[in-house]
Amino acid sequence: MDFSPVLISLKTAVPSIAVTFVLGLFLAWGVAAVRGTALRAVLDGLLTLPLVLPPTVAGFFLLWIFGVKRPLGRLFLEVFGVKIAFSWGAAVLAAVTISLPLMYRSARGAFEQVDQNLLDAGRTLGMTEGEIFRRILLPNALPGVLTGGILAFARGLGEFGATAMIAGNIAGKTRTLPLAIYSAVAAGDMETAGRYVAVLLVVAFLAVAAMNLLGEKGKGGSRRGRS
């Protein structure tokens, strides 16, 4: 079995979850702080859109924006000498685009579960919004935030449609595990496809187990807080 898809998937998923986790965290915090209901609904809709669109549609938009003949793609190529489309960076970009809504919505939901009285108490004590975020909001919302990170990591690792559109299916370069499964099945090599599927099943199971553990810890913390 060729292990390059496993390595490429890990090489793609690790930096993508680093970007997704931080970006989703601060986007959730920012949107939750927006006071206008209409503006918040619009921002929430835009950030959630990749979650409900078919991944190939999201990949089409990425290709339309970052293709070598598009203004932004040409800018990166001519100014920085970086070709985004059909590169490893494109696979990371696709994983971030598809997994970000999961991280954003999980983090926002966790933030909304934090008792508003705790935040108001911090303001009464003269804490800045940044201090409230670091010392009150984030610690109390941590189980939900980490759950969102696990979901986003698993989703990025299993991304197929957007990756195929913007990064292609280049062996040894952009062929991640889902693309390797597709290629093996297309070639009639069901044994190799089954091995790749087994790897993804193990990752998915570990992700679900980790979320369940975090959920139990969160419930335990809530019970102790009420007692």
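This passage describes the fold, confidence and nonpolar cores of a predicted model. Residues are numbered from 1 along each chain as its sequence is written, and side-chain values rest on heavy atoms, with hydrogens and water left out. Because the model is predicted, local features need pLDDT of at least 70 and side-chain atom pairs count only at pLDDT 80 or more, whereas totals for chains, interfaces and linings use all residues.

The chain has 10 helices and zero strands, where helices are DSSP runs of H or I of at least four residues, strands are runs of E of at least two, and numbering starts from the N terminus. The mean pLDDT, the predictor's confidence in each residue from 0 to 100, is 89, and 95% of the residues reach 70 or more. Among the elements, helix 9 (residues 177-186) has the highest mean pLDDT (95) and helix 10 (residues 190-226) the lowest (79).

Of the 227 residues, 37% count as buried, that is, under 20% relative accessible area with a 1.4 Å probe, protein chains only. The largest nonpolar core (buried Ala, Val, Leu, Ile, Met, Phe, Trp, Tyr and Cys residues joined through side-chain atoms within 4.5 Å) has 19 residues, and those with the most contacts inside it are Leu-25, Ala-107, Phe-111 and Val-145. Two or more residues of this core come from each of helix 1 (4-33), helix 5 (88-113) and helix 7 (129-157), with helix 7 giving the most, seven residues. Phe-111 touches residues including Leu-25, Trp-29, Phe-133 and Val-145, not counting residues up to four places away in sequence, a contact being heavy atoms within 4.5 Å. A second, separate core of 12 residues includes Phe-66, Ala-90, Ala-94 and Ile-98.

Key
Buried means under 20% relative accessible area, exposed over 50%, partly exposed in between (1.4 Å probe, protein chains only).
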